[in-house]
Amino acid sequence: MDQIIEKTIKALKANGFETFYAQDAKSVIHTIMDCIPVKATIGIGDSATLRQIGVANALQADGRVMINPYSDAIIERMNTGEITGADQMQYCRMALACDYFITSTNILTETGILMNTDATGNRVAGMFFGPKNSIMVIGRNKIVPDVETGYDRLRNICGVFQDRKS
C-alpha cells in the first residue's frame, strides 16, 4: 500500500470512518460480502466504479436482496418507455430504506474529506442519511491532495460524464 493511501486511511479513521483496504476488485467484492449479512437489504447508488468492478452483479449472483435503480435492466426499461424517470426516482428512494447502501464518492482528499457532485442527491443522501450502514468503494484514482485539487477534479472530470440514459 502506498504512502498516500496510508495517509488517507489514517485521516478517514480520524474523521470517524471505518476503513478497509482491498488490493483489487475481487478483494473489494469479498470485503463487501463479508461486511453485509446475507439477509440484509442492499441499495445501490449510481457509480461508475461499482459498475466497472461488478459489485451489483456479484451481489445478485450471490442471491442478495438488492435495489439498484441504475441497473442495466432499469435503464433499458426507461429507454423503451416502459418506466419513467419518476419510477426510477421511486426506486432511488426505496434504495435509501435498505439496511446497507453501497456507492462511491467522486473525490476523497488525503485529509479525509469527501467531495461529491450529484444530479439528484440520492447517492449523497445514501452516504449520510437513510440507510443505517453506508459502504463507499473508493479507488486510488479518487484521492487528491486537497480541496482545491478536488474542485478541479469535480469541474473537469466528474462533472463532464454523460448521463447513462442518453
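**Overall form and a three-stranded sheet**

The protein chain presents about 9500 Å² of accessible surface, and carbon and sulfur atoms supply 52% of this area. The model is a predicted one. Of the 166 residues in the protein chain, 40% are classed as buried, a residue being buried when its relative accessible area is under 20%. The charged groups comprise 17 positive and 18 negative charges, and the mean positions of the two sets lie 3 Å apart.

The secondary structure of the protein chain consists of 8 helices and 7 strands. The radius of gyration is 16 Å, close to the 15 Å expected from the globule rule for 166 residues, so the protein chain is as compact as a globular protein of that length. Along the principal axes, the C-alpha atoms occupy a box of roughly 50 × 35 × 25 Å. Among contacts with a separation of 6 or more, 69% join residues that are 24 or more positions apart in the protein chain.

Three of the strands form an open sheet in the order β5-β4-β7, with mixed pairing. The edges of this sheet are β5 (114-115) and β7 (143-144); each has a single partner strand, so one side of each is left without a neighbour in the sheet. In general, strands of a sheet pair through backbone hydrogen bonds, in either a parallel or an antiparallel sense. Strand β4, which covers residues 107-109, pairs with β5 in the antiparallel sense over 2 bridges. In this pairing, Leu-108 stands opposite Leu-114 of β5.

Conventions:
Residues are numbered from 1 along each chain as its sequence is written. This is a predicted model: local features need pLDDT of at least 70, side-chain atom pairs count only at pLDDT 80 or more; totals for chains, interfaces and linings use all residues. Side-chain values use heavy atoms; hydrogens and water are left out. Helices (H or I, at least four residues) and strands (E, at least two) are DSSP runs, numbered from the N terminus. The radius of gyration is taken over C-alpha atoms; the globule rule is 2.2 Å times the number of residues to the power 0.38. Buried means under 20% relative accessible area, exposed over 50%, partly exposed in between (1.4 Å probe, protein chains only). Contact means heavy atoms within 4.5 Å. Accessible areas come from the Shrake-Rupley method with a 1.4 Å probe; for residues, only the protein chains shown count as cover. Lys and Arg count as positive and Asp and Glu as negative; His and the chain ends are not counted. The place of a charge is taken as NZ of Lys, CZ of Arg, CG of Asp or CD of Glu. Two strands pair if DSSP finds at least two bridges between them.
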